[in-house]
Amino acid sequence: MKRVSFIFLAAFLFLGTISFAQKVPMEPEAAKLYNQGNKLIKSGDYQGAVKNYEEALTKAKDYRIYYQEGIAYKKLRKFDKAEEAFKACIQVKPDFVAAYNGLGTTYYSKKDYQKAIDNFKLFAEKAKKEKLKKKAKKFISLAYTKLGVKELNDHNYKKAVEYLKLAVENYKYDAAYLQLANAYIELGKYKDALTAADNALKFRAKRSRVPKGAPYFYKGLAYKGMNDKSSAKVNFKIASKDKLYRAQSKYEMKYMN
């Protein structure tokens, strides 16, 4: 079967600086450097912020400093350093929820998706606010989708389905449904592919970067596999209105007997 190119939505998972309620006082010199570092992060001087946090840590091994240092390192795309900082934060204060999210997004950026999932799950477990739990579920879905796409690209279609089903169980992600349709087509499970493609349409995000014609193209392939040429042509025709799927859709319609 001709493989279909697909633009996959990249997740933007960075979180910015957060404000901490100063319930536990910080050593004065450390607090001064910490606050200076926070100002530098807001101004975009991430390297300057790191220098302040490193100096602050010589005064006090405070979890808040480690956390903000991790944020600064992520902004600099120094993910190994960010990982070290978030781990140190958790070691000092294991119940600090945001650090698990920070560590999860760092692993995601390093493309270590299973470790990202493990930390997002801890984030979901420890978070008290429902809003944060939902955010964790979305991040878990994004990571499972990445794992599914990798297996799909490696032609491990059954494993791809496993990961992609986990993705949509956590969050109704249109890109995951679309890749699930792709995997089912490769397995010859055309009815399941149709359901997945329909869900990609049903749960399409308002700002989705998934091409609008993609679900219809996969529906066309599924109907083609079921030998329903009429329905296949209807969907290929809709897909052909999307410039990213125009050539592929016209190709399918041209050579359909």
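**Exercise 1. Is isoleucine 117 buried or exposed, and what does it touch?**

Solution. Isoleucine 117 has 0% relative accessibility, so it counts as buried (buried is under 20% relative accessible area, exposed over 50% and partly exposed in between, with a 1.4 Å probe and protein chains only). Before going on, note that this is a predicted model, where local features need pLDDT of at least 70 and side-chain atom pairs count only at pLDDT 80 or more, while totals for chains, interfaces and linings use all residues. Residues are numbered from 1 along each chain as its sequence is written, and side-chain values use heavy atoms, with hydrogens and water left out.

Next, find the residue: isoleucine 117 sits in helix 6, residues 113-126 (helices are DSSP runs of H or I with at least four residues, strands are E runs of at least two, and both are numbered from the N terminus). Then list its partners. Setting aside neighbours within four places in sequence, isoleucine 117 is in contact with Ile140, Ala143, Tyr144 and Leu147 (contact means heavy atoms within 4.5 Å).

**Exercise 2. Work out how helix 8 and helix 9 pack.**

Solution. Start with the geometry: the angle is about 155 degrees and the axes are 9 Å apart. Axes here are lines fitted to C-alpha atoms, for helices over the stretch in contact, and angles run from 0 to 180 degrees between N-to-C directions. Helix 8 and helix 9 are therefore roughly antiparallel (over 145 degrees; under 35 is roughly parallel, 65 to 115 roughly perpendicular, and the rest oblique).

Now the handedness: helix 8 and helix 9 make a left-handed crossing, meaning that the near helix is turned anticlockwise from the far one by less than a right angle, whereas clockwise would be right-handed.

Finally, the residues. Helix 8 brings Tyr157, Lys158, Ala160, Val161, Leu164, Lys165, Ala167 and Val168, which meet Ala176, Tyr177, Gln179, Leu180, Ala183, Tyr184, Glu186 and Leu187 of helix 9. By class, that contact has twelve nonpolar residues, one polar and three charged (Ala, Val, Leu, Ile, Met, Phe, Trp, Tyr, Cys and Pro are nonpolar; Asp, Glu, Lys and Arg are charged; the others, Gly among them, are polar).

**Exercise 3. Do the same for helix 9 and helix 11.**

Solution. Helix 9 (residues 174-187) packs on helix 11 at about 20 degrees, with the axes 10 Å apart. That makes the pair roughly parallel. Helix 9 passes helix 11 in a left-handed crossing. Leu178, Ala181, Asn182 and Ile185 of helix 9 make the contact with Ala214, Pro215, Tyr218, Leu221 and Ala222 of helix 11. Sorted by class, the contact of helix 9 with helix 11 holds eight nonpolar residues, one polar and no charged ones.

**Exercise 4. Which residues other than glycine have a positive phi, and where do they lie?**

Solution. Take histidine 155: its phi is positive, about 70 degrees. Histidine 155 lies in the loop between helix 7 (130-153) and helix 8 (157-170), and at 48% relative accessibility it counts as partly exposed. Then take asparagine 227, with phi near 65 degrees. Asparagine 227 is in the loop between helix 11 and helix 12 (229-239), and its 59% relative accessibility makes it exposed.

**Exercise 5. Place lysine 212 and find its contacts.**

Solution. Lysine 212 lies in the loop between helix 10 (190-202) and helix 11 (214-225). Its relative accessible area is 63%, so it is exposed. Not counting residues up to four places away in sequence, lysine 212 touches Arg204 and Asp242.
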